[in-house]
Amino acid sequence: MDLAQIRIQIEKVRLTINGGSLVKEVYQHFNDWISEVLHICEGANRVEFEWPVDPIPIDDCIGKEIITKLKSSISHEEVFYTGLNGREMMKRVRKQRDFFRTNDTEGVSSNYYLINGRLVLEGDGARLALLNDRTQGGSSTEEGALELTLQQRLLYDDKWEVNETLNETENGHDLIARGKVCLVLNSGSKEAIMGERIRQTA
C-alpha cells in the first residue's frame with residue numbers, strides 16, 4: 001500500500017495554524033486545561049507533539065486519565081510492538097499472553113504496557129511509531145490505533161491494595177505535566193527503522 005494512502009484521523013478540536021512554507025505549528029485546544037502543539041516539517045515523515053496538561057480539575061469528584069490516541073487505516077491484526085531498553089522490540093498481541101490464558105474482564109488495562117521509548121504497529125507495507133520522551137503507559141486497544149497515557153489524577157485506590165490514590169501535587173499546588181511525543185510513519189525498511197532509533201536518541 002502506498003504510504004500516501006494511509007489515513008491519520010484526528011478528532012475535531014479548535015485549531016490555530018501558524019507557520020510558513022517549511023514548518024507549520026498546529027495548536028489544538030481541547031478545553032481550558034488540555035492542549036497540544038503539532039510541529040510539522042515540509043517533506044518529513046514525522047510529526048512532533050508537545051502536550052501540556054494543566055491541573056486536572058476534580059471539582060466534580062471524578063478522577064480522570066488523559067491519553068493521546070492516534071488512529072490510522074493500517075491493519076495489523078492486533079499485533080503491536082513495545083521498545084525494550086532502547087535496542088530491541090517486544091512483540092505484543094492484544095488479549096494474549098505466551099504462558100497463560102488471559103481473563104478479559106480488564107480489557108484496557110490488561111493490554112497496557114510500560115513504553116520507555118517506542119510503541120509501534122506494522123501492516124499494509126507501512127509502519128507507524130510513537131517515540132516518547134519518558135516512560136508512559138501505552139497500548140493498541142483497537143485496530144490501527146496507538147495510545148499513550150499522558151497524565152492521570154485519581155481520587156480512589158485502584159483496588160490493588162496499595163491504599164494510595166494517584167492524586168499528585170507539587171509543593172502543595174496542583175500538578176502541571178508537559179512532554180513530547182514524535183509520530184513517525186515509514187515503510188518499515190531497515191533504514192527507516194534505524195532512522196527511528198537515531199531520532200529516539202537525538
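K69, E142 and E147 are linked in a network of salt bridges, a salt bridge being a side-chain nitrogen of Lys or Arg within 4 Å of a carboxyl oxygen of Asp or Glu. The model is predicted, so local features need pLDDT of at least 70 and side-chain atom pairs count only at pLDDT 80 or more, while totals for chains, interfaces and linings use all residues. Residues are numbered from 1 along each chain as its sequence is written, and side-chain values use heavy atoms, with hydrogens and water left out. This briefing covers the salt bridges, the sheet, the pocket and the cavity.

**Salt bridges**

- Side chains of opposite charge can pair when their charged atoms come close.
- The count of salt bridges comes to eight.
- Within the pair of E142 and K69, the closest N and O atoms are 2.6 Å apart. This pair links distant parts of the chain, with E142 in the loop between β12 and β13 and K69 in strand β6, 73 residues apart. Helices (H or I, at least four residues) and strands (E, at least two) are DSSP runs, numbered from the N terminus.
- E142 is partly exposed, with a relative accessible area of 31%, and K69 is partly exposed at 31%. Here, buried means under 20% relative accessible area, exposed over 50%, and partly exposed in between (1.4 Å probe, protein chains only).
- R94 and E78 form a salt bridge through their side chains, at 3.4 Å from N to O. Distant parts of the chain are again linked, since R94 is in the loop between β8 and β9 and E78 is in the loop between β6 and β7, 16 residues apart.
- R94 is buried, with a relative accessible area of 8%, whereas E78 counts as partly exposed at 28%.
- E122 and R127 also form a salt bridge, their closest N and O atoms being 2.5 Å apart. E122 is partly exposed at 29% relative accessibility, and R127 is buried at 5%.

**The open sheet**

- Strands of a sheet pair through backbone hydrogen bonds, either parallel or antiparallel.
- An open sheet is formed by nine strands in the order β2-β3-β4-β5-β16-β11-β10-β7-β8, with antiparallel pairing. Two strands pair if DSSP finds at least two bridges between them.
- The edges are held by β2 (14–19) and β8 (88–93), each of which has a single partner strand, so one side of each is left without a neighbour in the sheet.
- From one strand to the next, the twist averages 20°. Axes are lines fitted to C-alpha atoms, for helices over the stretch in contact, and angles run from 0 to 180 degrees between N-to-C directions.
- At the β2 edge, β2 and β3 (residues 23–29) pair in the antiparallel sense over six bridges, and they form a hairpin with three residues between them. In this pairing, G19 stands opposite K24 of β3.
- Strand β3 is also joined to β4 (residues 35–41) by seven bridges, the two running antiparallel. Five residues make the hairpin connection from β3 to β4, and K24 stands opposite I40 in β4.
- At the β8 edge, six bridges join β7 (residues 79–84) to β8 in an antiparallel arrangement. V79 stands opposite V93 in β8.

**The largest pocket**

- The largest pocket holds about 820 Å³ of space. On a 1 Å grid over the protein atoms alone, a pocket is an open set of points with protein on both sides within 12 Å along at least five of seven lines, and a cavity is a set where a 1.4 Å probe fits but cannot get out; lining residues have an atom within 4 Å of a point. Grid points are joined across faces, edges and corners, and a volume is the space filled by probe spheres set on the points.
- The pocket is lined by 24 residues, and E65, S109, Y112, T149 and Q152 are the closest to its centre.
- Two or more lining residues come from each of β6 (64–72), β9 (113–115), β12 (136–139) and β13. Strand β13 gives the largest share, five residues.
- By class, the pocket lining has eleven nonpolar, seven polar and six charged residues. Ala, Val, Leu, Ile, Met, Phe, Trp, Tyr, Cys and Pro count as nonpolar, Asp, Glu, Lys and Arg as charged, and the others, Gly among them, as polar.

**The cavity**

- One cavity of 30 Å³ or more is found in a search of the whole structure.
- The volume of the largest cavity is about 60 Å³.
- Its lining consists of P55, I56, Q151, Q152, R153, E168, D174 and L175. Strand β13 (residues 145–153) supplies the largest share of this lining, three residues.
- Three nonpolar, two polar and three charged residues make up the lining of the largest cavity.
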